[in-house]
Every structure is written in C-alpha cells, then in structure tokens.
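Here are a few exercises to work through with the model open in your viewer. Try each task before you read its solution.

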Amino acid sequence: MTETEAVSGRGTREDNNRGIPASGSTTKISARNFSFFYGEHCALRDVSLEIRRNQLFTIMGPSGSGKTTFLRALNRLGNLIPNTRHEGSLKIDGVDVYGKGVDVAELRRRVGMVFALPVALPMSIFSNVAHGPRMQGVRHPKELEEIVEKALRDAILWDEVKDRLSDNASRLSGGQLQRLSIARVLALEPEIILLDEPTSGLDPISTLRIEELLWELVERYTIVLVTHNPLQAARIDSKTAFFLMGELIETGSAYDIFTRPKDKRTEDYVSGKYG
Amino acid sequence: MTDRRVTLLFAGITGLTIVVLVFIIGYIMVNGLPGLTLSFLLESPREMGRTGGIFPAIVGTVLLTGIALFIAAPVGILTAVYLTEYTRDTWLPKVVRFGTESLAGIPSIIFGLFGFLFFVIYLDLGWSVLSGALTLSAMILPTIVRTSEEAIRAVPDAYREVSLALGSTRWQTVTSVVLPSAKPGIMTGVMLAIGRAIGETAAVIFTAGSSLRLPRTLLDSTRTLPVHFYILAREGISLENAYSTAFVLILLILAINIAAHTIMNRLTGKER
C-alpha cells in the first residue's frame, strides 16, 4: 500500500507512452545480461532491461523469441522444467530472484501470473478466487468473502458471477475465465502481474475488455504483458520491448517502436514481415 | 451388409457374457437363498458349520479387508503422490512401476506363503487377524499404487502451474488441487483392491487360519467368508450352507460397490 501512495498518479498513459520518467520513479524489475537455458538450448541471451514501478510494460515478439521464457523466469515457474539454468542477474526491488534464501512460494505470491490458456481450477468460482488466500492461511469465511468480492470487482467480473459463485468455474466463457484468472491473482494482492498472451484465445470484445482492464490495474500494480501480436502492442500503447530469437532487439515507447524503429528487424516485424 | 453382420456378432458375444454372468449368480442364488435367514447371518456356526450361522466369518471378512485397506490405501496413495509429484523425471518411478506391475501379477498363494513365513512364523504373530490383514495389504498395495499413479498423472499440468503460480507450495497444490481432481480414479483403484481382498482365499487360509470362533483381539485366528465356504464345500460338510455363504459374499461385494459409488458421487457432486 505504501508503494501505491508514493507513486500515485504515475501509471498513466502519458508517462508510459512518452517514456518520460515521472519524478521519484523507481526500478521494480531489472535484468542484467540475463540468459536462460533449457539444457543446451539458449532461449534467452544477454537480456538487459528495466521496468519501473506501476509501469505497463509490453513484450512483443514472434513464437520462440524468448518472451514467455523471460516472464516465467520472473516468478521462477520456468524452473519446473528439469535441466534449466540461467546466467546474469534478474532482480525485483533490487533482490536477485535466484538468490539464496528466496522463498519461491512467497515470490510467486508477490509476482502473480495469468496464463495464455485460461484454466479453471476444478472447483467453484468462489474457491478459484479464494484458493490463493486460503493457501496463505486466510480461513475466516467473512474475510474470504470480502477478498473474493473485491478481486472479482477489480477484474470487472463481479456483476456477471455474483449470483452463481458456487457454480463450477469451468462453466464460464473464455473471456470470463480469463478475467477470473486475473481476479485469482488480484486476490493475493501481488506487486507485479505477469500476463502471458492473455487474450490469444479470446474474441475481439473480450480482448478489448482485458486491455482496458490493464490500464486500470496499472494504477496499483506493475504489469508485464507478453504478446505475439504487434497490433495489440500498438493498441495498448505502453513502453514496449521487442524480442527476437532470444534477444532483446530494442525498447521504447510503442509510438517510437512503431513509427521510427531503430532496428531493421523491428521495422520488419511491426510491418508484418514475420511473426 | 458386413456392418450388420459385425453388429450381430458383437451383440451375440455381449449376450453370451450376460448369460454366463446371470447363470452363475442365478445358480448361486437359487441354491443359496433357501438357507439365507436372519439367524444364519447372526448366529455362530455349530457342528463345523453344518448347522448354525456365519456371523464370525462375516466379522472376520470385514475386519481383515478393513484393516488391510486402512494400511494399504494411505501408503499406496502417498507412494503414488511421491512418484508423480516429487520424483517424476527420475529413474525411481520407472523402477517402482516395474516392481508394482510384477507384484500385481503374482498369484495370491505366493503372498500367502510369504505371509505365513514372515508374519505368522518369523514375527510370531501366529494365525491371526493381524497376520491376515498385513498379508492382504501387501497383496493389494500394488493395485492401489498403480491405479492412483495413473489417476494423478492424468490431472492436467495446467492445474499444477496455476496453483503454484498463486504462491502455493507443492504439498498445498497436491492436497488442494491434484488429489481432489484425481479422486474418482483413485476410488476406482481402491474398489478394485477391496474386491481382490474380500474374495481372497489362499492368502488368508495360510495367515489368518480358519477358526470358527468370533475374534476377540487382533491376534485371534479367524476365518473369512471365502475360506468358510471353501472348507464347507471341500470337506463336504454342508453344500447348502456353502451356497448361502457364497451368496452373502456376493451381496456384501454388491453393497460395498453401491456404497462406494454413492459416496463418490456425493463427494464429487458437491464440487459442481
């Protein structure tokens, strides 16, 4: 909460768009020469970038560009696959994510993640949202109800599901399910929200709703969005990074990336030559 | 035309299966039903079982199967969890899987011999409820491990990722997401195990003995329903009572199946 006070009114479209650091801005995430390997295969090579607090940061790139690998490195979900390793440093609030003594469960609570394919845990809508807090030891029914309602309201899903919270969550539509995934993350009051192509399976209207939602959420959270779709990056219009074949090609405001890319490969991508 | 013939062939084969099943159960019913009275269920046997009831054998069957399950189910399910959730990509699950598959194919009389040598003689438990239950639990353990492992493996990885990404520990993910999803499959395995244990004769006669008295402690000898009608029929004591006992066993298995399905439907139904 203190963070929110300190940076209130910063995550606006203006700041993100023009890339002008607002006064007192702090670095939330920083990667320095970060590389990630699956066995011998190098999926991410020497990536260095900084993401500010309460920034909406978009990573775009074609399949296999390493953007999801970067996202999964941030909450150490990539380590579930055996035989992976990393080089360089990746820090959140100045603390190395891979440092000794990092509590992985606590890290994942602070760094929430929304997956490409919306997944309903095999339980009720209520329990899906309450799952995270319950695992943190919140048991009191009244308290859980409040957390669930607030999370669903913040994810703009409350009005659609408030009368059927005990229904199995798999009955929701794809777009609702993805907002449920977001509510599930919000219920844990994370600091960072990672979204891995959250709209890839959704219709245009659901997609727009989620994109609008992101601009509301960034008032309170740092958001990293991964997309393979340059049009989406342009629509969201935030600070954008372009990844290609495991390398960070360039970063800049969406406006700069789309109108005057510094690198030929970026220009090819945004003009639809590959992807 | 050939489609029609194949359909007829399959219908015939299915019909044959049903006829055989109905014939066996019907035959036992026709022969067993006349002797089946309330006093037959609730009295102790007299004259080696020629007259009187089968109450001690019902108690012995329920005790042996119940204790065997009480030991084997938690051990089996937790082993399956360990193999699938904690050591998935190592050599251990492969070795254990090979072992359980081999064990599941071993004739029950070998388990009986092992139980006799190890529990009855070496551990000096004698012919007792405990020796029999321990032997049965060893016998059904592979079935429970194998079926639970299959059921847990079938739970989509996406559930695990979501739960872990929400800051749950591995163990929390297992208890709150993985096991509830795998519950129907695990229950099926447990049912198979009960079926195998309750009808067991060879492994039990070696380890629990064949006492006709009601067991008072876990170290008393007892006899189960299958052992009882085996002895009644084999030694020509009373064929009528053997049929009645067999019929009681069939009813018991039926009752357990129905109860398990009801419980399972209620458990999984609540989630929906």
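**Exercise 1: a hairpin at the sheet edge**

Six bridges tie strand E9 (residues 239–244) of chain A to E10(A), and the two run antiparallel. Keep in mind that this is a predicted model.

Task: find the bridge partners of A:Phe243 and A:Phe242 in E10(A), then describe the turn of the hairpin that E9(A) and E10(A) form.

Solution, step by step:
- Start with A:Phe243: its bridge partner in E10(A) is A:Leu248.
- Step back to A:Phe242, and the partner in E10(A) is A:Glu250.
- Now the turn: two residues sit between E9(A) and E10(A). A:Met245 is in that turn, with a positive phi of about 50°.

**Exercise 2: the six-stranded sheet**

Task: work out the strand order of the open sheet with mixed pairing in chain A, and say which strands stand at its edges.

Solution, step by step:
- Follow the pairing across and you get E6-E7-E8-E3-E9-E10.
- Look for strands with a single partner: these are E6 (111–114) and E10 (247–253) of chain A, so each has one side without a neighbour in the sheet.
- As for the twist, the average is 20° from one strand to the next.
- A reminder on what holds such things together: strands in a sheet pair through backbone hydrogen bonds, parallel or antiparallel.

**Exercise 3: the four-stranded sheet and its helix**

Task: sort out the other open sheet of chain A, the one with four strands, and find what H3(A) touches on it.

Solution, step by step:
- The order is E2-E1-E4-E5, with antiparallel pairing.
- E2 (41–52) and E5 (95–96) of chain A are the edge strands, each pairing on one side only.
- H3(A) packs on this sheet and touches E1, E2 and E4 of chain A. The helix direction makes about 115° with that of E1(A).
- Between E1 (residues 27–38) and E4 (residues 84–92) of chain A, count eight bridges; the strands run antiparallel. One pairing to check is A:Ala31 with A:Leu90 in E4(A).
- Next, how covered is helix H3 (residues 67–74) of chain A? Seven of its eight residues are buried. The buried set includes the charged-end names A:Lys67 and A:Arg72 as well as A:Phe70 and A:Leu71.
- Just past the helix comes A:Arg76, with a positive phi near 60°.**Exercise 4: into the core**

Task: name residues that touch the most other members of the largest nonpolar core, then list what A:Phe70 contacts.

Solution, step by step:
- The core has 115 residues, and those touching the most other members are A:Phe70, A:Leu90, A:Leu152, A:Leu180, A:Ile182, A:Ile223 and B:Ile140.
- Helix H8 (residues 170–198) of chain B gives the largest share, ten residues.
- Skip the neighbours within four places in sequence, and A:Phe70 is in contact with A:Ala31, A:Leu44, A:Val47, A:Leu49, A:Ile59, A:Leu90 and A:Phe243.
- Link this back to the earlier exercises: A:Ala31 and A:Leu90 are bridge partners, and A:Phe243 is the partner of A:Leu248.

**Exercise 5: buried or partly exposed?**

Task: classify A:Ser89, B:Ser176 and A:Lys162 as buried or partly exposed, and place each one.

Solution, step by step:
- The cut-off you need: buried means under 20% relative accessible area, and exposed means over 50%.
- A:Ser89 has 16%, so this residue is buried. A:Ser89 lies in strand E4 of chain A and touches, among others, A:Ser30, A:Phe34 and A:Asp96.
- B:Ser176 comes in at 18% relative accessibility, so B:Ser176 is buried. You'll find B:Ser176 in helix H8 of chain B.
- A:Lys162 has 39%, so the label is partly exposed. The loop between helix H7 (158–161) and helix H8 (174–186) of chain A is where A:Lys162 lies.

**Exercise 6: what surrounds B:Ser176**

Task: find which chain A residues B:Ser176 touches, and which backbone oxygen its side chain reaches.

Solution, step by step:
- Leave out residues up to four places away in sequence, and the contacts are A:Met123, A:His131 and A:Met135.
- The side chain of B:Ser176 reaches the backbone oxygen of B:Gln172 at 2.7 Å.
- For a distance check, take B:Ala246: 70 residues from B:Ser176 in sequence and 42 Å away in space, C-alpha to C-alpha.

**Exercise 7: chain A as a whole**

Task: put together a short profile of chain A from its elements, burial and surface.

Solution, step by step:
- Chain A has twelve helices and ten strands.
- Of its 275 residues, 55% are buried.
- The exposed area is about 12,000 Å², with carbon and sulfur atoms supplying 49%.
- Among contacts in chain A with a separation of 6 or more, 68% join residues 24 or more positions apart.

How values were computed:
Residues numbered from 1 in each chain as written. Chains lettered and ligands numbered in written order. Predicted model: local features only at pLDDT ≥ 70, side-chain atom pairs only at ≥ 80, totals over all residues. Heavy atoms only, no water. Pairing = 2+ DSSP bridges. Axes fitted to C-alpha atoms, helices over the stretch in contact; angles between N-to-C directions. Core = buried A, V, L, I, M, F, W, Y, C linked by side-chain atoms within 4.5 Å. Buried < 20%, exposed > 50% of the residue type's maximum accessible area, 1.4 Å probe, protein only. Contact = heavy atoms within 4.5 Å. Areas by Shrake-Rupley, 256 points an atom, 1.4 Å probe, with all protein chains shown as cover. Polar contact = N/O pair within 3.5 Å; in protein donor to acceptor, adjacent residues only side chain to side chain.
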